[in-house]
Amino acid sequence: MVDAVDDYSESQPVENVSLHNSDEGPSSKNGQNIHSSLTNHHSSLTAHHSLLPHDRLEPLKGWGGAVGAAAYVYRPSTLEQLKECFELAKRTGKHVTLRGAGRSYGDASLGRENIVIELTRMNRILAWDAKTGIITCEPGVTIEQLWRFAIEDGYWPPVVSGTMYPTLGGVLGANIHGKNNFKAGPIGEHVLSFDFLTPSGEELHVEHGSDLFYSIVGSFGMLGAFTKITLKLKKVYSGDLDVKVFNPANLHELFEVFERQLPQSDYLVGWIDAFASGNSFGRSIVHQANYLALGIDPIPAKTLRVAYQDLPDMILGLVPKSIMWMFLRPFTNQLGFKLINWAKYVSSRFSPKTEFRQAHAAFAFLLDYVPNWKRSYGEGGLIQFQSFIPKETAEATFRKQLELCQREQLVPLLAVFKRHRPDQFLLTHAVDGYSLALDFKVTESNRKNLWALTSKLTEIVLAAGGRFYMAKDATLTPDAFRQYLGEETLSKFRELKHRFDLDGILESELSKRLEIR
Amino acid sequence: MKQWKRVIVVGASAGIGKALAEALLKEGSSVALVSRNEGAMNAIAHRYPGKALVFPHDVRHYEEVPALFQRIAHDLGGLDLIIYAAGIMREYEPHEYNFTKDRETIEVNTLGAFAWLDETAKRFEQVKGGTIIGISSIAGERGRSGNVPYFASKAALTTYLESLRNRLSKYKVKVVTIKPGFVDTAMLLNADGSRKSFIPWLISPERAAQLILRAASRGKNTAYIPGRWRFVSMVMHLMPSFIFRRLSF
């Protein structure tokens, strides 16, 4: 049994744990026997200023709970305080990791034994124009804040994640996409401008469309911190969406439904029963949602109220949602989820309700429907393996992936399918094709096999010319990272890193794992 | 057996500390070696490249501990287990009362432990978890007439560890008090290098390390090494003073 205090498990199996020396900074290399001599560093050891207060130490985790690392956490509430945090890092010789709401699945917002700057307190909405839908926010404003604030004026965030809790800073750092990626692109495309603070203290104002704009958005906190973000929200004429349900009987049908429905969809998302085999292999449920045009909703003032959007507190009017995850717990295993997946498909397949109206929040934030559902996965947490595959090879690739999971008896408990379109962002994850997101439960006993499986899945993705997404990733290797981004992109990114963060102050467990410097 | 990923061993250059460090390194743990004897630590580190870090330090330099501790935690990438194994036993002549030696013993065996383990406790309380192993001794069970400051230093350490355990248990921090009997280390040698005469139930440091890690991974609060010393301890505790003071050990 492995005992690790702040992370009972790591992104790597235990035998790969290696040491790094603080004095060597971000370029320290694994696998060397490092000899630290007290006499050489005597001044830095005895000098009091090199100490960070122990009560700042917090055991942080990635959202999936499968990776964690203790760090000294600071939560500035102003730009001045944010600058002081960078100064503190320089003074104490520590690295800095930027963190929003900590909603990345993997290790993107973790910085082991270093300073983590959590921007959740810089959460003011600074300007709002209800005529144009243009809003200016601090980086800690969450998607939840945004929609709650704007909806009564008839606006909805143009791109949202499956949960409403991420901060805008984090959302831009990962350049997130939603169920409308094929149509609306990633969130970055809706940002008009932003202010940006680099570790060296340089303050930039970046306008949409510039080269810098496309390089900084999606650079997962490696170049600096967003300090002010202006974006344009989507005008909506109702608090409801028109939702249609389709039930493809297998993987091929799923692709057919998507291709057929794409032109007339605002949102499109598929859920696959990854346990189904034989003729039913890839059977799924597809939800299509469309905005209502002006005048369609007879009671828009009512549906655009926050109270109308709020998810119910009780499930079936019986069980408080706050404890629902406990009831899921007995099912978060291969057999239990086979049952749930089957029941879900069958109930949808035979449900007479194939067209209905649903509130934006209820449709968008599926992951918030059962609060703390990840707890049902138990102590080991979960990882998500999401890959983005060009449309030509997507079906064959996802078939291979799902077959491999079934063969290895590590079937994802949740498999979500989406359509994407390419964009101009430097470190983009998007392709003209599809993505499949696979949620795996992590336990002490399956950890090694699971990482071996993700390594094989990664090979399949690379062979198909696919891409990955830093907001989800927990398992990628430096080689795979280099391979899908390409040397040209990486050297361009390294130039920027060099320009904005010469001393390599910004790093994360993800950047260390992928050897991004 | 439980595997601790990131470990500090204070007093790692010789004796039980060295055996523990090596046992943990063999298990695949990353270990920060702390002791005055840099050469001895380097010799260990050479055999475990990439797994052992060397930090020369005199445990009596208490003011160095907070910064050194933070730095080691940084370099290890966290901390799951700390073992305080630094200890000395000075020789006393039959009629000798020597405050300099007394103080040195308390400084190394007790105060050094306070300095390191206080720092550890602060951290473990914050991150809600971790294991602390303190190498005390069967010698701390009663105030025998032999090596007065050594017995007193270990008695203080034993009580300190118990208090720490009671204080930290609500943070899921495990504190293990280790009470070895006779272990075949330099402590049992006379000034001329010969071994002391009466040494019952002698075990090797490697065997002691094995028993200590086993006890800790089984979640023991206190472990006698080897276990039969528990009965000796019981007898000693039961013995009334008018008999105990007449015994010649």
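The following legends describe close-up views of a predicted model.

**View 1. An edge-to-face aromatic pair in chain A, formed by A:Phe213 and A:Tyr214.** Over all chains, the count of aromatic pairs comes to 35. In the pair shown here, the ring centres of A:Phe213 and A:Tyr214 are 5.4 Å apart and the ring planes meet at 85°; the arrangement is therefore edge-to-face, the term used for planes over 60 degrees apart. A:Phe213 has a relative accessibility of 0% and therefore counts as buried. A:Tyr214 reaches 11%, which is under the 20% limit, so this residue is buried too.

**View 2. The aromatic cluster that includes A:Phe213 and A:Tyr214.** One cluster is formed by A:Phe194, A:Phe196, A:Phe213, A:Tyr214, A:Phe226, A:Phe425 and A:Phe500. A pair of aromatic rings is described by the distance of the centres and the angle of the planes. Within this cluster, the values for A:Phe213 and A:Tyr214 are those of the preceding view, 5.4 Å and 85°.

**View 3. An aromatic pair between a helix and a strand of chain A.** The rings of A:Phe398 and A:Phe417 are edge-to-face, with 6.1 Å from centre to centre and 80° between the planes. A:Phe398 belongs to helix α13 (residues 391–407) of chain A, whereas A:Phe417 belongs to strand β20 (residues 414–419) of chain A; the pair therefore ties together parts that are 19 residues apart in sequence. A:Phe398 counts as buried because its relative accessibility is 1%. A:Phe417 is likewise buried, its relative accessible area being 0%.

**View 4. Strand β21 of chain A with its partner strands β19 and β20.** Strand β21 (residues 433–441) of chain A is mostly covered, with eight of its nine residues buried. Strand β19 (residues 382–390) of chain A pairs with β21(A) in the antiparallel sense over nine bridges. In this pairing, A:Ile383 stands opposite A:Phe440 of β21(A). Strand β20(A), which holds A:Phe417 of the preceding view, also runs antiparallel to β21(A) and is joined to β21(A) by six bridges. Here A:Leu414 is the residue opposite A:Asp439 of β21(A). In a regular strand the side chains alternate between the two faces of the sheet.

**View 5. Lysine charges over tyrosine rings in chain A and chain B.** In chain A, the charged end of A:Lys235 sits over the ring of A:Tyr155, at 4.7 Å from the ring centre. In chain B, the ring of B:Tyr92 has the charged end of B:Lys101 over it, and the distance to the ring centre is 5.2 Å.

Note on methods: Residues numbered from 1 in each chain as written. Chains lettered and ligands numbered in written order. Predicted model: local features only at pLDDT ≥ 70, side-chain atom pairs only at ≥ 80, totals over all residues. Heavy atoms only, no water. Phe/Tyr/Trp six-rings, centres within 6.5 Å; stacked < 30°, edge-to-face > 60°. Buried < 20%, exposed > 50% of the residue type's maximum accessible area, 1.4 Å probe, protein only. Helix = DSSP H or I, 4+ residues; strand = E, 2+ residues; numbered from the N terminus. Lys NZ or Arg CZ within 6 Å of the ring centre and 35° of its normal. Pairing = 2+ DSSP bridges.
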